[in-house]
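Welcome, and please open your viewer. We will go from stop to stop, and at each one you will hear what to select and what to look for.

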Amino acid sequence: MNCERSADVLIIGGGPAGASAAAVLAERGHRVTVLEKSHHPRFHIGESLLPANLPLFERLGIEAEVRAVGLPKWGVEFHSPSHGHAQSFRFADSLRKDQPHAYEVRRSELDTLLIRRAAALGASVLEGCRAREVEFLSDGVRVQAECESGERLAFRAPYLIDASGRDTFLGSRLGTKRRNRHHNSSAMYAHFAGAWRHEDPRRTGDIGIFWFEHGWFWYIPLADGATSVGAVVWPYYMKARTRPLPDYFLETLALCPPLAERLRGARLASAVEATGNYAYGCGRSHGERYLLTGDAYTFIDPVFSSGVLFAMKTGCAAAETLDECLRAPARRARAFRRFDRLSRHGPRAFSWYIYRMTRPAMRQLFMEPRNPLRMREALLSLLAGDIYGETPIWGPLRAFRTLYYVMSVLTARRTLEAMRLRRAALDAASIEPGTVR
Ligand SMILES: Cc1cc2nc3c(=O)[nH]c(=O)nc-3n(C[C@H](O)[C@H](O)[C@H](O)COP(=O)(O)OP(=O)(O)OC[C@H]3O[C@@H](n4cnc5c(N)ncnc54)[C@H](O)[C@@H]3O)c2cc1C
């Protein structure tokens, strides 16, 4: 074992959360080390971004590079089997008119841009280096890591940021990670070549969301002509699989005729992959010497494409928090509380909608959106990820929720049936006793 290396902040994980945190900290002159177990570029699922990502790209100085690899995404299209039409939402129609688009990206490209930017700003990035153990000291943390060569390294720093994604490095070790008892799903996904494209350039990059009996599908066109397609299904549906994953995936796609139509003539261009029960949260966003960011803190469901936004936002916020703590240690408690509020805000803003997505009233409001009290515009602002700033979305969204409850009463029989089915689907996932609210 070599002697201990020191840093001001140690970051475990070089995805969007870790790289954003590293870039901001390095820019502010701190010594920051990122441990990343794999090597960029590496595959990652999660290719659809939100307009609210763009100011973060600008802030990190990579807006032009992201534009060069991304396909502009001007909106979202929802397809429901019980409605005879698709419903298209344009980001330009949201309350804020100056962020009309986002991007669809290959994550291997986006994540490489982010981590290289952090390195260019002065962060020390060690790829192929996996954090193994952590020890909390009175004045910081000590982390033991292992390189691919087998070499073991030790690091010491006053602060640690966990940005290890779904590996949940700290949440798993500290026992604070819990399954989400309100939601649970699994996903199968792959890339296709030769899939259908919208001819209108203002719609080519739209993400398509297709609901079906066992969950929903995403359809994400990418800039290089490939299309990412995934099925997000209730766990019982995955458990029922008896055939090889690629066969099961293709059979599942065939259950949704409008999606199957888009894939007629297309061919699989990647392996089919799957991710199991993936809604969870950690009980705490921070401890005395650490902060959790991105998926290392919580993950609910990708239906609103919010994961990369949360990761980058909490990554930047963690960096600002620790910048403040390193400069003025007495302010730590207040800075950590502010970080905690921001960490909870994102998942909370979206979870109410995610938990009710299967209810008839919610489907109706999405498929036949109306704009009294600017409800439709506010819903679009939410879909754009515009939840952290000054845009006045909360009043109209309260009106939307009230309307939802009124419509649920009017469709009480169908609502109760949808709730019963959802409950049964969650029970089938054998929820653990410790759960997240
Ligand atoms: C099926 C599915 C579809 C999704 N679709 C979307 C979407 O369309 N849009 C969207 O915005 N989000 C989507 N997401 C969510 C999105 O992928 C994540 O929220 C996002 O990647 C989180 O970023 P992160 O930096 O927190 O974690 P990650 O991107 O997972 O990065 C974590 C990094 O930590 C590294 N690491 C882990 N453990 C260690 C260790 N011990 N030592 C060193 N390094 C380690 C990993 O190698 C990885 O590079 C989707 C998620 C799923 C499951």
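## Stop one: a pair of facing residues

Select Asp 162 and Leu 292 to begin: Asp 162 stands opposite Leu 292, which belongs to strand β22. Keep in mind as you look around that this is a predicted model.

Now widen the selection to strand β12, residues 159-162, and strand β22, residues 290-292. How do strands β12 and β22 run, and how many bridges join them? They run parallel, and three bridges join them.

Next, colour the whole sheet around this pair. It is an open sheet of six strands with mixed pairing, and its order is β8-β3-β2-β12-β22-β21. Which strands stand at the edges? They are β8 (124-127) and β21 (286-287). Each has a single partner strand, so one side of each is left without a neighbour in the sheet.

## Stop two: another sheet

Move on to an open sheet of four strands, ordered β1-β11-β10-β9, again with mixed pairing. Its edge strands are β1 (5-6) and β9, each of which pairs on one side only.

Select residues 140-147 for strand β10 and residues 152-157 for strand β11. This pair is antiparallel, with six bridges. To see one bridge in detail, show Ala 145 and its partner in β11, Leu 153.

## Stop three: the ligand

Show the ligand and the residues around it. There are 36 of these residues, and Glu 36, His 44, Ser 48, Asp 295 and Val 308 come nearest. Colour the shell by type and you will find 15 nonpolar, 13 polar and eight charged residues. Elements that each supply at least two residues of this shell include α1 (16-27), β3 (32-36), β9 (129-137) and α9 (307-327).

Now look for polar backbone atoms beside the ligand:

- At Pro 16, such an atom is 3.2 Å from an oxygen atom of the ligand.
- At Leu 35, the distance to a nitrogen atom of the ligand is 3.4 Å.
- At Ala 131, the distance to a nitrogen atom of the ligand is 2.9 Å.

Turn on a surface next: on its own the ligand has 1,000 Å² of accessible area, and the protein covers 96% of that.

## Stop four: a helix with a bend

Select residues 332-355, which form helix α10. Why is 34 Å the span to expect for its 24 residues? Because a helix advances 1.5 Å a residue, and the end C-alpha atoms are indeed 34 Å apart. Then zoom in on His 345, where α10 bends by about 25°. A proline, Pro 347, follows within four residues.

## Stop five: two backbone surprises

Most residues other than glycine have a negative phi, and most peptide bonds are trans. Pick His 40 and Pro 41: the peptide bond between them is cis, with omega near 0°. Pro 41 sits in the loop between β3 and α2 (54-60).

Finish at Thr 168, in the loop between β12 and α5 (169-174). Thr 168 is not a glycine, yet its phi is positive, at about 40°.

Terms used: Residues are numbered from 1 along each chain as its sequence is written. This is a predicted model: local features need pLDDT of at least 70, side-chain atom pairs count only at pLDDT 80 or more; totals for chains, interfaces and linings use all residues. Side-chain values use heavy atoms; hydrogens and water are left out. A residue is near a molecule or strand if one of its heavy atoms lies within 4 Å of it. A polar contact is a pair of N or O atoms within 3.5 Å; within protein, one must be able to donate a hydrogen and the other to accept it, and residues adjacent in sequence count only if both atoms are side-chain atoms. Accessible areas come from the Shrake-Rupley method with a 1.4 Å probe; for residues, only the protein chains shown count as cover. Ala, Val, Leu, Ile, Met, Phe, Trp, Tyr, Cys and Pro count as nonpolar, Asp, Glu, Lys and Arg as charged, and the others, Gly among them, as polar. Two strands pair if DSSP finds at least two bridges between them. The expected span of a helix is 1.5 Å times one less than its number of residues. The bend at a residue is the angle between axes fitted to the seven residues ending there and the seven starting there.
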